[in-house]
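Biologist: I am new to this structure and would love a close look at a single part of it. Could you take me slowly through one sheet and the loops that link its strands?

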Amino acid sequence: MTKQPTRIPVDSRFGIGSLEVTSISARSVVVQASGRGMFLTTSVGEGGTGSLNGLSFRVAQVGDGKTVLDFFPAK
């Protein structure tokens, strides 16, 4: 588990004011995002994807308290 959330900067065109990784377990990552009138908390395992407001991410790797996330525009 992470001790403090890790904030990830996001281009303003996506309308996401805050994007943070709030915890990392042996098998999944918890990501929280917020913007105008919206809030998302999702737990995603390795190889899984998440999306909010035109921004998607894939959990490329997770384990040992670390993760690798790949970000890309949603289709």
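Modeller: Happy to; here is a walk through one sheet, with a short look at the rest of the protein around it. Please keep in mind that this is a predicted model.

Let us begin with the setting. The protein has seven strands and zero helices, so its pattern along the sequence is simply β-β-β-β-β-β-β. The part to zoom in on is an open sheet of three strands, arranged in the order β5-β6-β7 with antiparallel pairing. At its edges are β5, covering 49-52, and β7, covering 66-73, and each of these pairs on one side only. On average, neighbouring strands in this sheet are turned by 25° against each other, with direction ignored. As background, strands of a sheet pair through backbone hydrogen bonds, either parallel or antiparallel.

Now follow β6, which runs over residues 55-63. Eight bridges join β6 to β7 in the antiparallel sense. To find one such spot on your screen, look for Leu-55: its bridge partner in β7 is Pro-73.

Next come the loops. Between β5 and β6 you will meet Asn-53. Its phi is positive, at about 55°, although Asn-53 is not a glycine. That deserves a second glance, because most residues other than glycine have a negative phi. Asn-53 counts as partly exposed because its relative accessibility is 42%, which falls between the limits of 20% and 50%.

Moving on to the loop between β6 and β7, you will find Asp-64. Here again phi is positive, near 55°, in a residue other than glycine. Asp-64 has a relative accessible area of 78%, so it counts as exposed; the cut-off for that is over 50%.

For company, look at another pair of strands, β3 (residues 28-35) and β4 (residues 38-45), which also pair in the antiparallel sense over eight bridges. Ser-34 stands opposite Phe-39 of β4. These two strands make a hairpin with two residues between them, and in the turn Gly-37 has a positive phi of about 65°.

Finally, step back to the whole protein. Its C-alpha trace spans about 35 × 25 × 15 Å along the principal axes. The radius of gyration is 12 Å, which agrees with the value near 11 Å for a compact globule of 75 residues. Of those 75 residues, 32% count as buried. The accessible surface comes to about 4,800 Å², and 49% of that belongs to carbon and sulfur atoms.

Definitions and conventions. Residues numbered from 1 in each chain as written. Predicted model: local features only at pLDDT ≥ 70, side-chain atom pairs only at ≥ 80, totals over all residues. Heavy atoms only, no water. Pairing = 2+ DSSP bridges. Helix = DSSP H or I, 4+ residues; strand = E, 2+ residues; numbered from the N terminus. Axes fitted to C-alpha atoms, helices over the stretch in contact; angles between N-to-C directions. Rg over C-alpha atoms; globule rule 2.2 N^0.38 Å. Buried < 20%, exposed > 50% of the residue type's maximum accessible area, 1.4 Å probe, protein only. Areas by Shrake-Rupley, 256 points an atom, 1.4 Å probe, with all protein chains shown as cover.
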